[in-house]
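Hello,

I am passing a structure on to you, with some notes on what turned up in it. Have a look at it first, then read on.

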Amino acid sequence: MNKQRILVVDDEIRMCESLDILLSSRGYDIQCFTDGRKALSYIEDNGCDLVLLDLMMPDMDGFTVLTRIREQTADLPVIIMTAQGSAEYAVAALKGGADDYLCKPFEMDELVKRIQNTLNTRQLTKEKALIEGRLAMTEAQLRQSQKMEAIGTLAGGIAHDFNNILMGIQGHLSLMIYQIDTAHPFHPRLKNLEKLVESGSKLTSQLLGYARKGRYEVKPIDLNSTILETAATFKRVRKDILFVFDLAESLSSIEADTGQMEQIFMNLFVNAADAMPDGGKIIVKTEDTAIHAIGLPFSLKPGRYVLLTVTDMGTGMDEATRERIFEPFFTTKEMGRGTGLGLASVYGIVKGHDGYIYVQSQPNEGTTFYIYFPVSEQPAVPESKGITENIFRGAETVLFVDDEDEIVKVSKALLEVMGYRVLTARNGQEALTIYQQKKEEIDIVLLDIIMPGMNGGHVYEKLKTINPDVRVLLLSGYSKDREATARLASQCNGFIQKPFKMQDLSRSIRQALECRLDEQP
């Protein structure tokens, strides 16, 4: 253990020598100075733990030395010792920043006691300041987390309601496209409208991503392959961007939705490219890493992680911008060039995958994003082939349950065009009454999850009580991971997210009707 260093500053040589001998015997490291300037120079170069300072000295008195010490540091303890024992001197010394005041002559035990009390008090003050600083940081992080959570809840609710609106539009478009001849002059316009609905759906998917309600098909994936595929797509648009890859061989797989990962990479690449309007380099690195209980400036569960870093050489960001980049609708781009949802959705998707993201950036020094994903214990699952656009018909009886009148109307029309007999209910209780009366006729229930009064989860439980073999296809403006719990997802016969096309609905219904429960995706 290092000795505590004490500086004795007194123009009386014998006092210095006496204190050196006595305090050294008590285990302190003593440095003596008879000149205030030399003492100040020593403090500046070497530092110390405490100063014993005489007031009355030639050239530079103790008050001046004390003032200079306080100009250098506010934390260095100083005890004044002087033969001038008046209250006036004591008050002046304490007002000047001294920690204590002793009148000569003094008992050695009293001096040691004062020294130790002063050192202990200073140590407690430092610890208190450290704790208060950490507490303030924790409170700031909590406030930021609560703010992001509140915004996420709002964003998720807006996305859900907007998806319901898009569902009504998409449903009518699907009917018109199905019933109109491809040679009709309105057919291309209807297809363009359908593309606009898809664009709106992508916008809501970004909102759902930020709200951590956007994971869909989670499975073990190879992050490196997804990075390379997304970068290849991006390079077709921005040929002035050079990618440098440092991807770990045999990288561990992670549990993730491929589409959501592509959205992360595309948004990060767009953000990096926008910071380099004249072109530049984006460095993408992956590696396996282990996180321990301590050592990081953020909270992350100990364990094995895949670390992704994306670095650009662009304009960088100042602190004020860094603090807000993950907020939805915040953008530094000019009007019409950005929605402010890109990095917000990245943040939400990462959090939704139990990961962590943080950013380092300085103006004119580029930006680096660090993203941690928990490692999966399972090998990566190869991507499946694309899905056909055929419409699958049927003749079964469907009970369609949704609280939105327009969605009920258009979905009923869609199902009837596909050949199904359709019963409808606009709330959970009505659905249960109809199913109880006509359960022998009903082949499948299409059930919305978010409904007032009795939500889809409760309706499903009661349907299972009426008929343990009931087939249920879940519907929601939210994503599967947000609403279909592990129990529902494993027991129901499928899930489809609004807005959906006729082809998607027809395929999901046939899969739910024709596949055994253990064969459901």
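Helix 11 lies across strand 13 (397–401), strand 14 and strand 15, with contact meaning heavy atoms within 4.5 Å. Its direction is at about 165 degrees to strand 14; axes are lines fitted to C-alpha atoms, for helices over the stretch in contact, and angles run from 0 to 180 degrees between N-to-C directions. Helix 16 (residues 502–514) also packs on the sheet, where it touches strand 15, strand 16 and strand 17 and makes about 125 degrees with strand 15. Helices (H or I, at least four residues) and strands (E, at least two) are DSSP runs, numbered from the N terminus.

A word on the source: this is a predicted model, where local features need pLDDT of at least 70 and side-chain atom pairs count only at pLDDT 80 or more, while totals for chains, interfaces and linings use all residues. Residues are numbered from 1 along each chain as its sequence is written, and side-chain values use heavy atoms, leaving out hydrogens and water.

Now the sheet itself. It is open, with five parallel strands in the order 14-13-15-16-17; two strands pair if DSSP finds at least two bridges between them. Strand 14 (421–425) and strand 17 (495–497) are at the edges with a single partner strand each, so one side of each has no neighbour in the sheet. From one strand to the next, the twist averages 20 degrees. Strand 15 (residues 444–448) and strand 16 (residues 472–476) run parallel, joined by four bridges, and Leu446 has Leu473 of strand 16 as its bridge partner.

Best wishes
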